[in-house]
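Here are some comments on the model, set out as numbered points for reading alongside the coordinates.

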Amino acid sequence: MLFVVDASSSVSLAMQIAVQVRSGVVNGDLKPGDRLPPARDLAESLRVNMHTVLRAYAELRNDEVIEMRQGRGTFVRKDAGSGLIRVTELAAQFTHEARKLGLTRSDILRLIQRGEIT
Amino acid sequence: MSEKNVSAEMIRRVLAGAASCVPVLVVIISWWVWKDRLPAELASHWSGSGPADDAMAVGALLALNLGLTGVPAVAGVAISVWPGMSARARRGAYFFLGVFGGMGAATWLLSAALTMQVGDPYEVVLGAWVIVLFAAAGYGIIPFLIAPKPRLKATDVERRIEFAPSAIGAWSQTIAGNMFLWVAIGLIILGSVLYGPAIIAGQALDQIVGIAAIAVAVVLVASFVRLRVTADWRGLRVVSTIFRIPFKRIRLDAIAVVEAADLQPMEWGGWGYRIMPGRSAIILRKGPGLVVTTRNDKQFAISLDDPETPAALLATLRDGNAAAPERQIESKP
């Protein structure tokens, strides 16, 4: 899969990597059982510190998106897609309902931001 | 194509055609030089390591070898001026014409020279001179190298990826070559059948060369079972994930054209790891794949599910994405 990191973004590089892996699982670029590149290799490819990639992988492991098998590599978990797909479906449903009520894009974003605060 | 390139290409085609005529000229000139010394008959056939078992009149053998060398010469000249032929096909044709022409000339030279030396054609022993006959087949490489190389395709087939100037991209995929797994298993079974009894009987040392050859073949084939393909600011790399053997490395600045293509195994010499003159490929299936043409006119192809993305990324990086190689991105907390 394609990884793109932007050093000038306000989002941390580790977070950028983690988000792209999650997106890859949701949109089908990454399938359950797919192997991710070793942290060292990906760090060299993206010219970032290896610990940045490891931090991204650790976050994805904690979120049960990937599993790191000792000596064998890093793989997308067999059940990785379910939670993310559920959230994606909920987001689509939420947007649809909000549009039906006549809410604008900024209204929807405000609602989401309020949800983050509470 | 510029006028200068067109004329240079035409000159190379004419020279390659002229090179195809050299064998027939060798036959004619040698006959002209030797005609007063040649016996009436020349040795023409050998069945084993002994003396010749057949002979032909000089005129008949000369006519035969003029045909063997003349046909490639005429064909070589014809394809030099044939307009609708691809450069790749033309080079291949020159090669085979050179092989036939070279062997034809060598046949004449050996028959004539050895018979002149011995006198009686039925006393002529070919012996180690047969090596010359096979070596002459190598003449095909001369017109092949002289002929114009295939031109690169226009780069408008390449796509690009839009990046922010401060961004850098990399693409990585692990691909499975299950056919290599089956070949490795087949080799292990073959090795077990061939050398298992010797190993069980404690005579493995007697068969050490064969056992080692099978072991090396198994390791090589098994290393293709899982391959990691990476495209980034360094270029394209194909590495075995099992033994970390680097199979292919093409530097970014060496890439002339990179494109996604529909790979036909027969066009790349079949399935598996293929190495041909100027071309190599890892063909796992018929279908999509990445084709890289380097600046020195070599091509590499590999089967991939999604070749468009690495092709676009490599083209973008090669053409100077803002994230230049010398810039090191600092890790953010």
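1. Chain B, in this predicted model, contains 8 helices and 11 strands. Of its 333 residues, 34% are buried. If one takes the contacts in chain B between residues at least 6 apart in sequence, 65% of them join residues at least 24 apart.

2. The contact between the two chains involves 22 residues of chain B and 21 residues of chain A. On the side of chain B that touches chain A, the elements that give two or more residues are β3, β4 and α8 (308-318). Strand β3(B) gives the most to that side, with 8 residues. By residue class, the side of chain B that touches chain A divides into 10 nonpolar, 9 polar and 3 charged residues.

3. Strand β3 of chain B, residues 167-176, deserves a separate look. Because 7 of its 10 residues are buried, β3(B) is largely enclosed by the rest of the structure. Strand β1 of chain A, residues 2-6, runs antiparallel to β3(B) and is joined to it by 5 bridges. Within this pairing, A:F3 has B:A170 as its bridge partner, while A:V5 stands opposite B:I168. Strand β4 of chain B, residues 226-232, is also antiparallel to β3(B), and 6 bridges join these two strands; here B:T174 stands opposite B:R228. For anyone inspecting the side chains along these pairings, it is useful to recall that in a regular strand the side chains alternate between the two faces of the sheet.

4. Helix α8 of chain B is the next element to consider. Since 8 of the 11 residues of α8(B) are buried, this helix is largely enclosed by the rest of the structure. The buried residues are B:T309, B:P310, B:A311, B:A312, B:L313, B:L314, B:A315 and B:L317. They pack against β1 of chain A, together with β3, β4, β5 (235-240), β7 (255-263) and β10 (287-294) of chain B, and β1 of chain A is the strand that is bridged to β3(B). Just after α8(B), B:G320 takes a positive phi of about 95 degrees.

5. In chain A, helix α3 covers residues 50-62, and its 13 residues reach 18 Å from the first C-alpha to the last, close to the 18 Å expected at 1.5 Å a residue. Which residues of α3(A) are buried? They are A:T52, A:V53, A:R55, A:A56, A:Y57 and A:L60, and the arginine in this list, A:R55, may be worth viewing together with the others. An α-helix has 3.6 residues a turn, so residues three or four places apart point the same way. What covers the buried residues of α3(A) includes α1 (13-27), α2 (39-46), β3 (66-69) and β4 (73-76) of chain A. The helix is followed by A:E64, whose phi is positive, near 60 degrees.

6. A last comment concerns A:N49, which lies in the loop between α2 and α3 of chain A. Is this residue buried, exposed or partly exposed? A:N49 has 18 C-beta neighbours inside 10 Å and therefore counts as partly exposed, since a residue is buried if 20 or more other C-beta atoms lie within that distance and exposed if 12 or fewer do. A:N49 is 36 residues from A:L13 in sequence, and the two lie 9.6 Å apart in space, C-alpha to C-alpha.

Notes. Residues numbered from 1 in each chain as written. Chains lettered and ligands numbered in written order. Predicted model: local features only at pLDDT ≥ 70, side-chain atom pairs only at ≥ 80, totals over all residues. Helix = DSSP H or I, 4+ residues; strand = E, 2+ residues; numbered from the N terminus. Expected span 1.5 Å × (residues − 1). Contact = placed C-beta atoms within 7 Å. Pairing = 2+ DSSP bridges. Nonpolar A, V, L, I, M, F, W, Y, C, P; charged D, E, K, R; others polar.
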